[in-house]
Amino acid sequence: AAFRRGMRNLVESARAGERGAFNLRHLKVGEVLLEVTSLVRTHHVQPDPVFTTLVCAIVVLEGLGRQLDPTLDLFSVGLPLLVGA
């Protein structure tokens, strides 16, 4: 319960920009992932082994995305892909 509450608080605090969008101009993905790993350690959650590789890939993609389009809303682009998977 405490881990879920911490994650919910983290997501809420990460919302920035117009209408709570998650765009690269305001969202520091690396900082959010650092907080996620801190929550994982604090609450002794066992992440999937692929998690570390995913974190590294996301940090690289954040840098690339920030250079290409810092106003990109990550959820408006990514959510349809996740739902369709």
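## A predicted four-helix chain

The chain exposes about 6400 Å², and carbon and sulfur atoms supply 63% of that area. The model is predicted. Its secondary structure amounts to 4 helices and 0 strands. Along the sequence the pattern reads α-α-α-α. The C-alpha atoms fill a box of roughly 35 × 25 × 25 Å along the principal axes.

**Burial, contacts and charge**

The chain has 85 residues, of which 21% count as buried. Take the contacts with a separation of 6 or more: 74% of them join residues 24 or more positions apart. The chain carries 9 positive and 8 negative charges. The mean positions of the two sets lie 6 Å apart.

**The salt bridge in helix 3**

A search of the whole structure finds 1 salt bridge. Which side chains form it? R66 and E62 meet there, at 2.5 Å from N to O. Both residues belong to helix 3, which spans residues 51-68. They sit 4 residues apart, about one turn of the helix.

The two partners fall into separate accessibility classes. R66 is partly exposed, at 24% relative accessibility. E62 is at 12%, so it counts as buried, since the class ends at 20%.

What does E62 touch, apart from residues up to four places away in sequence? Its contacts are L24, L27, K28, V29 and G30. E62 thus has two sets of ties to describe: a salt bridge to R66, and contacts with these five residues.

**Helix 1 against helix 2**

L39 lies in helix 2, the helix of residues 29-42. Is L39 buried or exposed? It is buried, with a relative accessible area of 15%. Leaving out residues up to four places away in sequence, L39 touches F3, G6, M7 and L10. Helix 1 covers residues 2-14. F3 is 36 residues from L39 in sequence, yet their C-alpha atoms are 6.6 Å apart.

S13 is also in helix 1. S13 is exposed, with a relative accessible area of 57%. Its C-alpha lies 9.5 Å from that of V32, and the two are 19 residues apart in sequence.

**The loops**

H44 is found in the loop between helix 2 and helix 3. Its phi is positive, about 55°, although H44 is not a glycine. Most residues other than glycine have a negative phi. H44 is exposed as well, with a relative accessible area of 70%.

D73 sits in the loop between helix 3 and helix 4. At 22% relative accessibility, D73 counts as partly exposed. How far is D73 from L27, C-alpha to C-alpha? The separation is 9.7 Å, with their positions 46 residues apart along the chain. L27 is also one of the contacts of E62.

**Helix 4 and its surface patch**

Helix 4 takes in residues 74-84. Which residues make the nonpolar surface patch of about 450 Å²? F75, L79, L82 and V83 do. V83 is in helix 4. V83 is exposed, with a relative accessible area of 65%.

V77 is another residue of helix 4. V77 is partly exposed, at a relative accessible area of 42%. V77 and R5 are 72 residues apart in sequence, and 26 Å separates their C-alpha atoms.

**C-alpha separations**

The four pairs named above are set out here.

| Pair | Apart in sequence | C-alpha to C-alpha |
|---|---|---|
| L39 and F3 | 36 residues | 6.6 Å |
| S13 and V32 | 19 residues | 9.5 Å |
| D73 and L27 | 46 residues | 9.7 Å |
| V77 and R5 | 72 residues | 26 Å |

**In brief**

The predicted chain has 4 helices and 0 strands. Helix 3 holds the R66 and E62 pair. L39 of helix 2 is buried and touches F3, G6, M7 and L10. H44 has a positive phi and is exposed. F75, L79, L82 and V83 make a nonpolar patch on the surface.

Definitions and conventions:
Residues numbered from 1 in each chain as written. Predicted model: local features only at pLDDT ≥ 70, side-chain atom pairs only at ≥ 80, totals over all residues. Heavy atoms only, no water. Helix = DSSP H or I, 4+ residues; strand = E, 2+ residues; numbered from the N terminus. Buried < 20%, exposed > 50% of the residue type's maximum accessible area, 1.4 Å probe, protein only. Contact = heavy atoms within 4.5 Å. Areas by Shrake-Rupley, 256 points an atom, 1.4 Å probe, with all protein chains shown as cover. Lys, Arg positive; Asp, Glu negative; His and termini not counted. Charge placed at Lys NZ, Arg CZ, Asp CG, Glu CD. Salt bridge = Lys/Arg side-chain N within 4 Å of Asp/Glu carboxyl O. Patch = residues over 30% accessible without salt bridge, like charges linked within 9 Å, V, L, I, M, F, W, Y side chains within 5 Å.
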